[in-house]
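Reader: Please present the helix packing, the backbone geometry and one pocket of the structure below.

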Amino acid sequence: MKRFILISTIGLVLLFVYLFVWNTVDSNTAEATSLQVNNAELAPMPQFSPREVVDMQLKAMQENNEPYKDHGIEVAYRFASPSNKEATGPLSRFVHMVHNERYRSLLNFQRYGLDDAEVLGDKALQKATLIDADGEPVVYVFQLARQQEGEFYGCWMTEGVIRL
C-alpha cells in the first residue's frame, strides 16, 4: 500500500511539473467552458469528466450566494471526495475555510478559464485561471480522483485545491 501511495504521489508531482513548467497557459488564452447545468441539483455522477466537475464547482461559487447564502460552497462540498471531507468537513467548517484569504478568490469572481485536464489513470489535475472580484488574476489547481469504492464509485471528486 505504501508503494502504491508513493507511486501515485510521484505521478502527481510529475504531472504538476508538466502542467506548470512545460505547459503554462496565459490566463487570457485559457479555454472558457460552457457547461450549462442547474447547480441546485448538482451531485457527483460517473459520467462527469474532471473538467466538468471543476466547471460545475466554479460556476456555483461564481454566484456563491444564489439562490441562498453560501450555496456555491455547498455545491463544491458535494464534489469533495470522502477523504477531502474527512479533512475539511463538516460543511460549516468547509464554508469557513473557503472564506479565508487563500480561497476567497473562488467566490463571486468575474470570469474564468480552464486548461485541458491532465489525467493519469484515476488521478487528474485541472488548472483554473480566474479573474477575482477585484479584477486580479488568480490560478488554482484542482486535484481530483476517480472514486474506487462506496457511494461515489466511478465519480471524479476533488481531493484538494492549491492556489498558485
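The questions and answers that follow take up these topics in turn.

Reader: On what basis are residues numbered and values accepted?

Author: Residues are numbered from 1 along each chain as its sequence is written, and side-chain values use heavy atoms, with hydrogens and water left out. The model is predicted, so that local features need pLDDT of at least 70 and side-chain atom pairs count only at pLDDT 80 or more, while totals for chains, interfaces and linings use all residues.

Reader: How are helix 2 and helix 3 oriented relative to one another?

Author: Helices (H or I, at least four residues) and strands (E, at least two) are DSSP runs, numbered from the N terminus. Axes are lines fitted to C-alpha atoms, for helices over the stretch in contact, and angles run from 0 to 180 degrees between N-to-C directions. The axes of helix 2 and helix 3 are 7 Å apart, and the packing angle is about 165°. Angles under 35 degrees count as roughly parallel, over 145 as roughly antiparallel, 65 to 115 as roughly perpendicular and the rest as oblique, and helix 2 is therefore roughly antiparallel to helix 3.

Reader: How do the residues of the contact of helix 2 with helix 3 divide by class?

Author: With contact meaning heavy atoms within 4.5 Å, Met56, Gln57, Ala60 and Met61 of helix 2 meet Gly72, Ile73, Val75 and Ala76 of helix 3. Ala, Val, Leu, Ile, Met, Phe, Trp, Tyr, Cys and Pro count as nonpolar, Asp, Glu, Lys and Arg as charged, and the others, Gly among them, as polar. The division is six nonpolar, two polar and no charged.

Reader: Is the crossing of helix 3 and helix 5 left-handed or right-handed?

Author: The axes of helix 3 (residues 71-78) and helix 5 (residues 91-98) come within 10 Å and cross at roughly 115°. Helix 3 is therefore roughly perpendicular to helix 5. A crossing is left-handed if the near helix is turned anticlockwise from the far one by less than a right angle, and right-handed if clockwise; where helix 3 passes helix 5, the crossing is right-handed.

Reader: Which residue follows Gly89 across a cis peptide bond?

Author: Most peptide bonds are trans. The bond after Gly89 is cis, with omega near 5°. The residue that follows is found in the loop between helix 4 and helix 5, and it is Pro90.

Reader: What is the phi of Asp70?

Author: Asp70 lies in the loop between helix 2 and helix 3, as does Pro67. Most residues other than glycine have a negative phi. Asp70 has a positive value, near 60°.

Reader: Which element gives the most to the lining of the second largest pocket?

Author: Helix 2 (50-62), helix 4 (82-88), helix 5 and strand 5 (156-163) each supply at least two residues of this lining. The lining holds ten nonpolar, five polar and one charged residues. The most, four residues, comes from strand 5.
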